[in-house]
Amino acid sequence: MPSVQQLRPFAEAPLEAFRAASGPVALIQQPPESVLQRVAQQLGQAGTLSMSTRTRLAERLLTMLQGFQHLEVHLLHPRTDGEEFTVGRMDTCMLVVKDPSVSKLHARLRWHAQAGAYLVKDAGSMNGTFVNAVPLGAHQEFQLHDGDALSFGDAQFLYLHTETLHEHLRLIQDPV
C-alpha cells in the first residue's frame with residue numbers, strides 16, 4: 001500500500017488513469033485528533049489552507065495529505081460484486097490494523113458494484129465498528145459514502161472515492 005508521499009506524483013495523471021490504477025475507493029488511516037488539529041493550525045498559520053472557503057471534510061483531508069506524508073493509503077480493488085475485504089489484527093486480513101482496540105477479525109467490507117460502494121458490517125468485534133461516530137448494530141450492514149469516517153475500535157479511517165482523493169492530491173500540488 002502506498003503512502004501519501006508516494007501517491008503525490010500521480011496527481012498529475014488524468015483522473016481515469018488514476019482511477020484505473022487505484023481502484024474505486026481508498027481508506028486513509030487518520031492520525032489522532034489532537035495531532036491532526038495541531039498540524040492543521042500550523043498549516044493554517046503558514047497560509048496554505050483557506051478555511052473559510054472549504055468544507056470540514058476538505059480541510060481534514062487536505063491537512064492529512066499535506067501534513068502527514070507517511071500515512072498509508074489503502075486502495076481497494078474489488079474484482080467482483082459481493083467481494084469481501086476483511087479488517088482486523090490478523091495477518092490474514094486484507095487490511096491489517098495493529099491497534100489493540102481492533103479485534104483479530106473486526107469487520108467486513110463487501111463491494112456493491114451497482115452502488116459503486118462498500119457495505120460495512122461488524123464481525124462481532126469487542127470494541128465496535130462506527131460510521132461517522134455512530135455504532136453499527138449487531139448484524140447491521142451499512143453502505144459507506146464518500147467522506148465517511150470509519151472506525152474499527154479506536155482506529156479511525158477516512159473512506160474516500162478515488163475521484164475525491166485525486167482532486168485533493170491535485171489541490172496540494174497547486175494550492176489555491
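Visitor: In which strand is His 74 found?
Guide: Happy to start there, with the reminder that this is a predicted model. His 74 is found in the strand made of residues 73-76, which is E2.

Visitor: Is His 74 buried or exposed?
Guide: The relative accessible area of His 74 is 7%. A residue counts as buried when that value is under 20%, so His 74 is buried.

Visitor: Which residues is His 74 in contact with, leaving aside its neighbours within four places in sequence?
Guide: Let's walk along the chain. At the start of the numbering there is Met 1, and then come Val 25, Ala 26 and Leu 27. The list is completed by Leu 95 and Phe 157.

Visitor: What distance separates the C-alpha atoms of His 74 and Ser 3?
Guide: Along the chain, His 74 and Ser 3 are 71 residues apart. In space, their C-alpha atoms are separated by 8.6 Å.

Visitor: Which residues touch the most other members of the largest nonpolar core?
Guide: This core has 22 residues. Strands E1, E3, E5, E6, E10 and E11 each supply at least two of them. The residues that touch the most other members are Leu 27, Leu 109, Tyr 118 and Val 120.

Visitor: Which residues does Leu 109 touch, not counting those up to four places away in sequence?
Guide: Leu 109 is among the core residues that touch the most other members. Its partners include two glutamates, Glu 83 and Glu 84. The others are Leu 27, Leu 76, Phe 85, Tyr 118, Leu 119, Val 120, Leu 144 and Leu 150.

Visitor: How many residues are in the second, separate core?
Guide: Among the members of this second core are Ala 11, Leu 62, Leu 65 and Leu 169. In soluble globular proteins, nonpolar side chains tend to be buried together. The second core has a residue count of 21.

Visitor: Which helix gives the most to the lining of the largest pocket?
Guide: The largest pocket has a volume of about 210 Å³, and ten residues line it. Those closest to its centre are Gln 37, Ala 40, Arg 56, Glu 59 and Arg 60. Helices H3 (33-45) and H4 (56-67) each supply at least two lining residues. With five residues, the helix that gives the most is H3.

Visitor: How many residues of the lining of the largest pocket are charged?
Guide: The lining divides into three classes. Three residues are nonpolar and three are polar, while the charged ones number four.

Visitor: Where is Asn 132 found?
Guide: Phi of Asn 132 is near 55°, a positive value in a residue other than glycine. Asn 132 is partly exposed, with a relative accessible area of 41%. Its place is the loop between strand E7 (129-131) and strand E8 (134-135).

Visitor: What is the relative accessibility of Ala 133?
Guide: Ala 133 lies in the loop between E7 and E8, and its phi is also positive, near 70°. Exposed means over 50%, and Ala 133 counts as exposed because its relative accessibility is 67%.

Visitor: What radius of gyration does the protein have?
Guide: The protein holds five helices and eleven strands, and its C-alpha atoms fill a box of roughly 45 × 35 × 25 Å along the principal axes. Buried residues make up 46% of the 176 residues. For a compact globule with 176 residues, a radius of gyration near 16 Å would be expected. The protein agrees with that, at 16 Å.

How values were computed. Residues are numbered from 1 along each chain as its sequence is written. This is a predicted model: local features need pLDDT of at least 70, side-chain atom pairs count only at pLDDT 80 or more; totals for chains, interfaces and linings use all residues. Side-chain values use heavy atoms; hydrogens and water are left out. On a 1 Å grid over the protein atoms alone, a cavity is a set of points where a 1.4 Å probe fits but cannot get out, and a pocket is an open set with protein on both sides within 12 Å along at least five of seven lines; lining residues have an atom within 4 Å of a point. Grid points are joined across faces, edges and corners, and a volume is the space filled by probe spheres set on the points. Helices (H or I, at least four residues) and strands (E, at least two) are DSSP runs, numbered from the N terminus. Ala, Val, Leu, Ile, Met, Phe, Trp, Tyr, Cys and Pro count as nonpolar, Asp, Glu, Lys and Arg as charged, and the others, Gly among them, as polar. A nonpolar core is a set of buried Ala, Val, Leu, Ile, Met, Phe, Trp, Tyr and Cys residues joined through side-chain atoms within 4.5 Å. Buried means under 20% relative accessible area, exposed over 50%, partly exposed in between (1.4 Å probe, protein chains only). Contact means heavy atoms within 4.5 Å. The radius of gyration is taken over C-alpha atoms; the globule rule is 2.2 Å times the number of residues to the power 0.38.
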